[in-house]
Amino acid sequence: MNVVLMFVFEMLLARRFGTSFEMDCYLAAITIPELVVAVAVGGFNYALIPSLVAQLEGENPDYAFHLMNTWLNIIFISFAVFSILTGFWSRPIVHLFFPGFSNAQTTFAAKLLCFYFPVMIFKIMTILLSSIYFARYRFTIAPLAPAIGAVSAVLFFLIFEPFLKMFSIPLALTLSTVLQFSILFGIYLKEGHYQFDFWLKHGLFIKHVKLMLPLLIGGLITKSNFLVDRTIASTLETGAISCLGYATKIMNVFLLIGIGGLSLASFPVISSVIAKRDYNRLREMNHRAFSTIFFITVSIYVVVFFYGNEFLS
């Protein structure tokens, strides 16, 4: 649901700003934060959820919440400091990764980049909180919060755009991500699970860091392709980054609708099966999952190949 709603948000942006100078700057500005979020999704979801499932179904379920609290506190503090420091060097960062931009484009993109850092922080923390809900097989709350956030992003954009123009986008996204986080964290707080924990020397936290590091490094390498694409596009004519961004978002929305829900719903179950060492059931589940994903992916590419122009129009 939230994928469809955010796609509606992207359609509003495309209708309002098209392939303009401002849209190129916006897509350039969000590239680094989006890359950080994408790497965090892979690192935390695929390393954290199995650890949480193992603890919740083991002898010490409270350890799962101590681990979650530690990561929430670390992420908030470290990324807040990172955002402040990076804000001072936003212009050199934009110039480094988008060398084809003019001085005006670089300055405008640097301003947008500063406004987008709060979105990055609360997105990552929302992803973290979603992990604990998925690990507990609560598949209603975690997807509902992003859906509410997507609706609010559309409404905030429509309210602020007449006054703030392009800067209404980071404001709308910041408010919507704060709302998402507030919903999930409010429930988490009400259930009495949050504490100001820092289990930095605990064996469970150290083990999780060791599991996560290869995923973060691999994710940084594999997910940097859109950064390279936009860097190259910055040397082309105005609108090149926008066209590339729209095409990528259309493909991503089909893939997320077709596969995203399946992977998020099945991953905690697979983690539980692995923890119980039921390898026969694991092989059966993997066979079904890979067959389903292959069928969905091929179907999506066939539809886009034959009806791509209709979707763009």
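In this predicted model, helix H7 covers residues 141–164, 24 in total. From its first C-alpha to its last it reaches 32 Å, close to the 34 Å expected at 1.5 Å a residue. H7 isn't perfectly straight, though: at leucine 158 it bends by about 30 degrees, and proline 162 follows within four residues. Just past the end of H7 comes lysine 165, which takes a positive phi of about 55 degrees.

Quite a few H7 residues are tucked away from the surface. Buried here are Ile141, Ala142, Ala145, Pro146, Ala147, Gly149, Ala150, Ser152, Ala153, Val154, Phe157 and Glu161. A handy rule for reading such a list is that an α-helix has 3.6 residues a turn, so residues three or four places apart point the same way.

Zooming out, the protein chain has twelve helices and zero strands, so to speak an α-α-α-α-α-α-α-α-α-α-α-α pattern when read along the sequence. Of its 313 residues, 45% are buried. Taking contacts between residues at least 6 apart in sequence, 81% link residues at least 24 apart.

As for the outside, the chain's accessible surface comes to about 16,000 Å², and carbon and sulfur atoms account for 70% of that area. One nonpolar patch on the surface is built from Phe76, Ile77, Val81, Ile84, Leu85, Phe88, Trp89, Phe196, Phe198 and Leu200. Together, these residues offer about 1,100 Å² of accessible area. One of them, tryptophan 89, sits in the loop between helix H4 (62–88) and helix H5 (90–97).

Note on methods
Residues are numbered from 1 along each chain as its sequence is written. This is a predicted model: local features need pLDDT of at least 70, side-chain atom pairs count only at pLDDT 80 or more; totals for chains, interfaces and linings use all residues. Side-chain values use heavy atoms; hydrogens and water are left out. Patches are made of residues with over 30% relative accessible area and no salt bridge: like charges are joined within 9 Å, nonpolar side chains (Val, Leu, Ile, Met, Phe, Trp, Tyr) within 5 Å. Accessible areas come from the Shrake-Rupley method with a 1.4 Å probe; for residues, only the protein chains shown count as cover. A salt bridge is a side-chain nitrogen of Lys or Arg within 4 Å of a carboxyl oxygen of Asp or Glu. Helices (H or I, at least four residues) and strands (E, at least two) are DSSP runs, numbered from the N terminus. Buried means under 20% relative accessible area, exposed over 50%, partly exposed in between (1.4 Å probe, protein chains only). Contact means heavy atoms within 4.5 Å. The expected span of a helix is 1.5 Å times one less than its number of residues. The bend at a residue is the angle between axes fitted to the seven residues ending there and the seven starting there.
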